[in-house]
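User: I am new to this structure and would like a close look at one part of it. Please take me through that part slowly, in connected prose.

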Amino acid sequence: IEKPDTFLQFTHVGYSVEKEHLAERDERDKDALIEKCKELKAEGLNLDQIAEELHIGRSTVGKYIKLAS
């Protein structure tokens, strides 16, 4: 995805299976995100700010913070 000026646009890079372009997270990644959510919450950030910082959904942040408690 590119954003020249004020417009978002997709750049065609070829044909392939969608799964090849998606990031896969494993348990270590999830554990690291849970810990980072906990740290950012302790620093006083709200759920929206944490979600934006970590590029994950707000509901995911809430779930991870509950898991960390």
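The request continues below, followed by one longer reply.

Which residues does Cys37 touch, not counting residues up to four places away in sequence, and is Cys37 buried or exposed?

Analyst: This is a predicted model, and the part to look at begins in helix H1, which covers residues 27-42 and includes Cys37. Cys37 has a relative accessible area of 0%, and because the cut-off for a buried residue is under 20%, Cys37 counts as buried. Setting aside residues up to four places away in sequence, Cys37 touches Ile50, Leu54, Ile56, Val61, Tyr64 and Ile65. Seen from the other side, and leaving aside its own neighbours within four places in sequence, Ile65 is in contact with Cys37, Lys41, Leu47 and Ile50.

Cys37 also belongs to the largest nonpolar core, a set of eleven residues made up of Leu33, Ile34, Cys37, Leu40, Ile50, Ala51, Leu54, Ile56, Val61, Tyr64 and Ile65. The elements that contribute two or more residues to this core are H1, helix H2 (47-54) and H3, and the largest share, four residues, comes from H1. As a general background, nonpolar side chains tend to be buried together in soluble globular proteins.

For contrast, Lys66 lies in helix H3, which spans residues 58-68, and Lys66 counts as exposed because its relative accessibility is 69%, where the cut-off is over 50%. Finally, looking away from the core, the C-alpha atoms of Cys37 and Glu20 are separated by 28 Å, with the two residues 17 apart along the chain.

Methods:
Residues numbered from 1 in each chain as written. Predicted model: local features only at pLDDT ≥ 70, side-chain atom pairs only at ≥ 80, totals over all residues. Heavy atoms only, no water. Buried < 20%, exposed > 50% of the residue type's maximum accessible area, 1.4 Å probe, protein only. Contact = heavy atoms within 4.5 Å. Core = buried A, V, L, I, M, F, W, Y, C linked by side-chain atoms within 4.5 Å.
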